[in-house]
Amino acid sequence: MSSFLKHVLNTPNSGAKIFIVEDDEITLQMLLHNLGKDYHVIGCNNPLDAIRQMKEAQPDLIMLDMEMPSLSGLELCKQIKTTPQLETLPVVFLTGHDDKETQLKCWEVGCVDFVPKPIVFETLNYRLQTHIKLKLITDRLSTLAMLDGLTNVYNRRYLENYLKEHDVQEKRDYQVFTLMMLDIDYFKRYNDRYGHQQGDECLRSVAQVLSKTAARNTDFVARYGGEEFILMLPATDDKGAKLVSMNIHQALAKRKHEHADSEVGRVTLSVGCVTAVAPHAITPMIEEADKLLYEAKQAGRNQTRF
Ligand code: GH3
Ligand code: MG
Ligand code: MG
Ligand code: MG
Ligand code: MG
């Protein structure tokens, strides 16, 4: 088992954040007081404003009172389960009713647990710990599943999902968009001369250069294959693309990675760059970028073809 998973399983609460929606002020104060010792707790007595506050707070777990006059806990839970930033969060209901019908309604709207009132804090704490641990482990695993283990940029799986999402007709972007495919020059020779470990180091360094250069928060870098990367630059036109390309070549040159078996004596990149005016699908842009990358190689490497 990874040390992270062990750490989560053996830590009583990990300072997790709990968001409570409860219209009864006395119950809310009691919850804040009792859970506040072990968790970072946020209380909200207005269910109509809860979604907005939750999005801002990004909690690890949500507790909902069932009976609230302005908006019932069940309705609020349905809203949570259809809000992209919140839908995967564990929801625990608090209710004075523990009959079968009420319980079934709670499960049906997607809760992970159900706590009858009056609240028994000793057992509530154990339940919360279990749900929070599962949530933290799930978060960690989903992050790991989309990152490349060597370079820490997004992996091929993440990229494929992004394409699947984006290439559907109704989701196509209506803004200008730039995509680059980048490939390290003579990397086989690099490995042959400097060894595989230094080759790995070089890959990490190139990935870092790309991440630092494409620094807008909508930009992203993915490792496409062995020594090939893809750069996604939404809302970037051909002028912007030229600038980013120049910055990448310059930033890599600054790192002065020696490569005695290449023409210029240091590690360089060849790049194929495509800018699309909307609407566009991305998959054909990758094919186009691949062709341009091939041209860049043919033309002598260490350059970008647009
Ligand atoms: P070109 O300039 O035409 O791109 O030539 P190249 O040698 O870079 O291209 P080629 O496709 O012939 O070789 C790619 C090399 O990348 C071969 C492979 O050993 C190396 N490589 C792929 N993945 C990794 C990795 O994870 N670590 C290391 N160290 N090397 C890798
Ligand atoms: Mg109530
Ligand atoms: Mg090649
Ligand atoms: Mg190469
Ligand atoms: Mg290659």
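Here are some exercises with worked solutions on this structure, which is a predicted model.

**Exercise 1. The parallel sheet**

Work out the strand order of the open sheet that contains β1, and find which strands stand at its edges.

*Solution.* Start with the order: five strands line up as β2-β1-β3-β4-β5 in an open sheet, and their pairing is parallel. Next, look at the two ends. β2 (40-44) and β5 each have a single partner strand, so one side of each is left without a neighbour in the sheet. Finally, follow the twist, which averages 20° from one strand to the next.

**Exercise 2. From β4 to β5**

Describe how β4 pairs with β5 and how the chain gets from β4 to β5.

*Solution.* First, the pairing: strand β4 (residues 91-95) and strand β5 (residues 113-116) run in the parallel sense and share four bridges. Second, pick out residues that face each other across the pair. L94 stands opposite V115 in β5, and T95 stands opposite P116 in β5. Third, trace the connection: after β4 the chain passes through helix α5 (residues 100-108) and then enters β5, a β-α-β crossover that is right-handed.

**Exercise 3. Two backbone details to look for**

Locate the cis peptide bond at P118 and the positive phi of Q58.

*Solution.* Take the peptide bond first. K117 and P118 are joined by a cis bond, with omega about 0°. P118 sits in the loop between β5 and α6 (121-146). Now turn to Q58, which is not a glycine but has a positive phi of about 45°. Q58 belongs to the loop between α3 and β3. To place that loop, note that helix α3 (residues 50-57) packs on the sheet and touches β1 (17-21), β2 and β3 (61-65). The direction of α3 makes about 175° with that of β1.

**Exercise 4. The mixed sheet and its helices**

Set out the order of the sheet that contains β7, then find which helices lie across its strands.

*Solution.* Begin with the order: β7-β8-β6-β9-β10 is an open sheet of five strands with mixed pairing. The edges are β7 (220-225) and β10 (304-305), each of which pairs on one side only. At the β7 end, β7 and strand β8 (residues 228-234) run antiparallel and are joined by five bridges; within this pair, R223 has F229 of β8 as its bridge partner.

Then add the helices. Helix α7 (residues 156-167) lies across β7 and β8, at about 115° to β7. Helix α11 (residues 283-298) lies across β6, β9 (269-276) and β10, and runs at about 145° to β9.

**Exercise 5. The surroundings of ligand 1**

Find which elements give two or more residues to the shell around ligand 1, and sort the shell by residue type.

*Solution.* The shell has 17 residues, and the closest are D185, F187, K188, G199 and G226. The elements that supply two or more residues are β6 (177-184), α8 (187-194) and α9 (196-213). By type, the shell holds five nonpolar, four polar and eight charged residues.

**Exercise 6. How α8 meets α9**

Are α8 and α9 parallel, antiparallel, perpendicular or oblique to each other?

*Solution.* Step one is the geometry: the helices pack at an angle of about 135°, and their axes are 7 Å apart. Step two is the class. Angles over 145 degrees count as roughly antiparallel and 65 to 115 as roughly perpendicular, so α8 and α9 are oblique to each other. Step three is the contact itself: α8 brings Y190, N191 and Y194, while α9 brings H196, Q198, G199 and C202. Sorted by type, the contact has three nonpolar, four polar and no charged residues.

Note on methods
Residues numbered from 1 in each chain as written. Chains lettered and ligands numbered in written order. Predicted model: local features only at pLDDT ≥ 70, side-chain atom pairs only at ≥ 80, totals over all residues. Near = placed C-beta within 6 Å. Nonpolar A, V, L, I, M, F, W, Y, C, P; charged D, E, K, R; others polar. Axes fitted to C-alpha atoms, helices over the stretch in contact; angles between N-to-C directions. Parallel < 35°, antiparallel > 145°, perpendicular 65-115°, else oblique. Contact = placed C-beta atoms within 7 Å. Pairing = 2+ DSSP bridges. Right-handed = clockwise from strand over helix to strand, strands pointing away.
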